[in-house]
Amino acid sequence: MRYFDSMPAEEGGIVIPWFAFGFLAVAGVNSFLKLPPKIHDTILNLDMFLLTAAMFALGLTTRWQSIRQAGVKPLLTAGILMLWLMAGGGLISYAACCLLG
């Protein structure tokens, strides 16, 4: 996917998407800046709305025929990865809560 590249890829070069810099900046601001609860809640609601809209738009472009052609293996792989990520994220969250109180 070449739509979000920040620089042209040279032969064997690394391509860095622009949004990665924005993500790091927002993560840094969120870590070091304490926002008032009202603003924080508004940002969280906006974030949830935008994520929902993006997932909805992605779903609109999915064609059932493509899913049928791919077969059951990719769906099974996706399901296993989902469970793995949920379990891993849960364990990391639990460990962080135990360590940080």
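The following exercises, each with a worked solution, concern a predicted model of one protein chain.

Local features are reported only at pLDDT of at least 70, and side-chain atom pairs only at pLDDT 80 or more, whereas totals for chains, interfaces and linings use all residues. Residues are numbered from 1 along each chain as its sequence is written, and side-chain values use heavy atoms, with hydrogens and water left out.

**Exercise 1. Determine how many helices and strands the protein chain has, and in what order its elements run.**

Step 1. Helices (H or I, at least four residues) and strands (E, at least two) are taken as DSSP runs, numbered from the N terminus.
Step 2. The count is 4 helices and 0 strands.
Step 3. From the N terminus on, the order is therefore written α-α-α-α.

**Exercise 2. Compare the expected span of H1 and of H4 with the distance between the end C-alpha atoms.**

Step 1. The expected span is 1.5 Å times one less than the number of residues.
Step 2. For H1 (residues 18-32), 15 residues should span 21 Å; the end C-alpha atoms lie 22 Å apart, which agrees.
Step 3. For H4 (residues 72-100), 29 residues should span 42 Å, and the ends are 42 Å apart, again in agreement.
Step 4. Just after H4, Gly 101 has a positive phi of about 80°.

**Exercise 3. State how many residues of H1 and of H4 are buried.**

Step 1. Buried means under 20% relative accessible area, exposed over 50%, and partly exposed in between (1.4 Å probe, protein chains only).
Step 2. In H1 the number buried is 0 of 15, so this helix lies largely in the open.
Step 3. H4 is hardly covered, with a count of 0 among its 29 residues.
Step 4. Of the 101 residues of the protein chain, 2% count as buried.

**Exercise 4. Decide how many disulfides there are, and explain why Cys 98 is not bonded to Cys 97.**

Step 1. A disulfide is a covalent bond between the sulfur atoms of two cysteines. The criterion here is a pair of cysteine sulfur atoms within 2.5 Å.
Step 2. By this rule the count is 0.
Step 3. Cys 97 is in no disulfide, its nearest cysteine sulfur, that of Cys 98, being 7.0 Å away.
Step 4. The sulfur of Cys 98 is not bonded to that of Cys 97 because 7.0 Å is too far for a bond.
Step 5. Cys 97 is exposed, with a relative accessible area of 54%.
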